[in-house]
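Have a look at the chain below and turn it around on your screen for a moment. We will then walk through a few of its helices together.

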Amino acid sequence: MRTRIGSTGIGGAMIAMFLVELARGAVANDAGLLGLGALPDSGPIHHEYWRLLTFGFLHWDLRHLLLNTLLLFLLGPVVERRAGAIGLLIIFLSASVASGLGILVKHQIWPAEGVSLGASGGMFGLLGAGLVFVFRRPSPSRLRTVLMAALVLGLIYSFLPGVSMIGHIVGLIIGTTMGFVIPLKVPKPAVAAG
């Protein structure tokens, strides 16, 4: 299996940020996570637009990080194989930032206590793009089934308390749209042995 540099880069950034969280005592700590770049659920970000990028690499606790890392290992290679490392990064970052904007709009209307953070908006973007890609080009039906199951389970998970449904839906919409726009890589022909 070839190394997927884009997937590895995103995963490495998420793990590195979690190590910073651990070092700063910010794990499961609203104030500490705000200091590292989480989105405040209380409303405005006061022109701190960088938070729309940083919130997607922070995670509440180890379980949150592991769940998003598992999704990355499932979805990253599917997208990267078809769109390349740059395409994967564009989809992930666009979906993540857009999900942050969706979360901000929601909290402008309904402010709450706490913070919003995590890579799930970007992961839903990869899921949406991956689904489009496997239907745009012939792919094993098993892969299509696995991605459809991930979509159903992800949407069910989105209804749990403390999970951002709006972030997931916005990420999914952005990723699905980009799946139709981003050109697919031309598969390399198989080399005959012998």
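What follows is a short tour of one helix, its neighbours, a loop residue and a second pair of helices. Keep in mind that this is a predicted model.

Let us begin with helix α6, which covers residues 141-157. Does its length make sense, and what span should we expect from 17 residues? At 1.5 Å a residue, α6 should span 24 Å, and its end C-alpha atoms are indeed 24 Å apart, so the expectation and the model agree.

Now ask which residues of α6 are buried. They are L143, L147, A150, L151 and G154. Viewed down the axis of α6, these buried residues fall within an arc of 100°, so they line one face of the helix. There is a general reason for patterns of this kind: an α-helix has 3.6 residues a turn, so residues three or four places apart point the same way. Turn to the face of α6 that looks away from the buried side, and you will find the exposed residues S141, R142, T145, L153 and I156.

What do the buried residues of α6 pack against? Their partners are α4 (62-109), α5 (120-136) and α7 (165-181).

Take α5 as a closer example. Its axis and that of α6 are 10 Å apart, and the two helices pack at an angle of about 150°. An angle over 145 degrees counts as roughly antiparallel, and therefore α5 and α6 are roughly antiparallel to each other. Their crossing is left-handed. On the α5 side, the residues in contact include F124, L127 and G130, while those on the α6 side include L143, L147 and A150.

Between α5 and α6 there is a loop, and R137 lies in it. Is R137 buried or exposed? With 23% relative accessibility, R137 counts as partly exposed. Leaving aside neighbours within four places in sequence, R137 is in contact with R144, L184, K185, V186 and P187. R137 and R82 are 55 residues apart in sequence, yet their C-alpha atoms are 9.0 Å apart in space.

Finally, look at how α4 and α7 meet. These two helices pack at an angle of about 145°, with their axes 8 Å apart. Here the crossing is right-handed. The contact is made by residues including I90, S94, A98 and G102 of α4, and G167, V170, G171 and I174 of α7.

Terms used: Residues are numbered from 1 along each chain as its sequence is written. This is a predicted model: local features need pLDDT of at least 70, side-chain atom pairs count only at pLDDT 80 or more; totals for chains, interfaces and linings use all residues. Side-chain values use heavy atoms; hydrogens and water are left out. Helices (H or I, at least four residues) and strands (E, at least two) are DSSP runs, numbered from the N terminus. The expected span of a helix is 1.5 Å times one less than its number of residues. Buried means under 20% relative accessible area, exposed over 50%, partly exposed in between (1.4 Å probe, protein chains only). The arc is that of the directions from the helix axis to the C-beta atoms. Contact means heavy atoms within 4.5 Å. Axes are lines fitted to C-alpha atoms, for helices over the stretch in contact, and angles run from 0 to 180 degrees between N-to-C directions. Angles under 35 degrees count as roughly parallel, over 145 as roughly antiparallel, 65 to 115 as roughly perpendicular and the rest as oblique. A crossing is left-handed if the near helix is turned anticlockwise from the far one by less than a right angle, and right-handed if clockwise.
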